[in-house]
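Here's a friendly tour of a single protein chain. Have a look at it first, and then we'll walk through it piece by piece.

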Amino acid sequence: MKKLIIATIICSILISCQQITQSINETFKPNDTVVEKEHELEQEQKFETSNSETTANEKIVLLEHPEILQKAEEELKKLPQYAGKEIFVYSTVYFYNYGSINVLLQHPKNPKYVDTYEYKDGKWSEPRPVQLSVHDDIKGRLVPLSKINFVNASKVAEIYNQKASEIEGAEPLTSVYISIWKNQLKWYPTSIHGSRERYSIQFNDDGSLKEFKQD
């Protein structure tokens, strides 16, 4: 009888030990299903993070896409406030490589006023008023939009960057712009600075190379 009691006690102890061991193992060594789920979750998080970073890092190199420049010009001509009216550009047009265009336009109703517009994310902004001085020569700094081809900004950038690549220390440009003076337009930049040399560069209205020489 004593042997039976001792055997029963020993079996109870062994079973308890097995349960404790199993509990410890499950605590520190999760089963395969849990591990797989955690791994899948980690992979999904990595993908989402990577995808977000890729989207954030995507950049529109505007000056390498003449089709975008052309679309922007066409959309500008379709602004409802200028329907049936000729559009006049005042002073400057900026083309930024990161995907934005800024242009100043003479007000469609009051010729003494000027508004600024920004092209971004495929559309033009609402007009924003520009503060002018009585000393500003509005008439002398106007050019019809019909005389400006936005695609030519791409030509200017391409020629400039090709010349800059041949000059030690010169950097490719990040923007080009048009300046209007005495009703004539001029493309900028007009110089390329290297680490050892400096060059002047001039462009025709159509964006073709007019002059390139070392200063």
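## Before we start

A quick bit of vocabulary: two strands count as paired if DSSP finds at least two bridges between them. Keep that in mind for the hairpin further down. Also, what you're looking at is a predicted model.

## The chain at a glance

Counting up the secondary structure gives four helices and 11 strands. The chain has 215 residues, and 30% of them count as buried. Its accessible surface is about 14900 Å², with 52% of that belonging to carbon and sulfur atoms.

How much of the contact network links residues 24 or more positions apart? Taking contacts in the chain with a separation of 6 or more, such residues account for 53%.

## A hairpin with a two-residue turn

Let's start with E7 and E8. They run antiparallel and are joined by five bridges, and together they form a hairpin with two residues in between. Across the pairing, tryptophan 181 sits opposite glutamine 184 of E8.

The loop between E7 and E8 holds lysine 182 and asparagine 183. Lysine 182 has a phi near 55°, which is positive even though the residue isn't glycine. Asparagine 183 also has a positive phi, near 60°, and it isn't glycine either. As for their surroundings, lysine 182 is exposed, at 64% relative accessible area, while asparagine 183 is partly exposed, at 40%.

E8 itself has two faces: Leu185 and Trp187 make up the covered one, and Gln184, Lys186 and Tyr188 the uncovered one. Just after that, the peptide bond from tyrosine 188 to proline 189 is cis, with omega near 5°. Proline 189 belongs to the loop between E8 and E9.

## The three-stranded sheet

Next up is an open sheet of three strands, ordered E9-E10-E11 and paired antiparallel. Why do two of its strands have one side left without a neighbour in the sheet? E9 (191-193) and E11 (209-214) stand at the edges and each has a single partner strand, so one side of each has no neighbour there. From one strand to the next, the twist averages 20°.

E10 covers residues 198-203 and pairs with E11 over five bridges, in the antiparallel sense. Within that sheet, isoleucine 201 stands opposite phenylalanine 212 of E11. Helix H4 (residues 152-164) lies across E9, E10 and E11, and runs at about 160° to E10.

## What's inside

The largest nonpolar core is made of 38 residues. Val93, Phe95, Ile101, Trp124, Phe150, Val176 and Trp187 are the ones with the most contacts inside it. Several elements give two or more residues to this core, including helix H3 (66-77), strand E1 (88-96), E7, E8 and E10. Helix H4 provides the largest share, five residues. Apart from this core lies another one, of five residues, with Tyr90, Leu104, Ile138 and Leu142 among them.

Tryptophan 187 is worth a stop. Leaving aside its neighbours within four places in sequence, tryptophan 187 touches a list of residues that includes Phe95, Asn149, Val156, Val176, Phe203 and Gly207.

## Three salt bridges

How many salt bridges turn up in a search of the whole structure? The search finds three.

One joins lysine 77 and glutamate 73, whose closest N and O atoms are 3.1 Å apart. The two are four residues apart in helix H3, so about one helical turn separates them. Lysine 77 is partly exposed, with a relative accessible area of 45%, whereas glutamate 73 is buried, at 5%.

Another brings together the side chains of arginine 196 and glutamate 168, at 3.1 Å from N to O. This pair links distant parts of the chain, 28 residues apart: arginine 196 is in the loop between E9 and E10, and glutamate 168 is in the loop between H4 and E7. Arginine 196 counts as exposed, at 69% relative accessibility. There is also a salt bridge from arginine 198 to aspartate 215, with 3.4 Å between the closest N and O atoms. Arginine 198 is in strand E10 and aspartate 215 in the segment after E11, so the pair ties together parts 17 residues apart in sequence. Arginine 198 is partly exposed, with a relative accessible area of 43%.

Note on methods
Residues are numbered from 1 along each chain as its sequence is written. This is a predicted model: local features need pLDDT of at least 70, side-chain atom pairs count only at pLDDT 80 or more; totals for chains, interfaces and linings use all residues. Side-chain values use heavy atoms; hydrogens and water are left out. Axes are lines fitted to C-alpha atoms, for helices over the stretch in contact, and angles run from 0 to 180 degrees between N-to-C directions. Contact means heavy atoms within 4.5 Å. Buried means under 20% relative accessible area, exposed over 50%, partly exposed in between (1.4 Å probe, protein chains only). Accessible areas come from the Shrake-Rupley method with a 1.4 Å probe; for residues, only the protein chains shown count as cover. A nonpolar core is a set of buried Ala, Val, Leu, Ile, Met, Phe, Trp, Tyr and Cys residues joined through side-chain atoms within 4.5 Å. A salt bridge is a side-chain nitrogen of Lys or Arg within 4 Å of a carboxyl oxygen of Asp or Glu.
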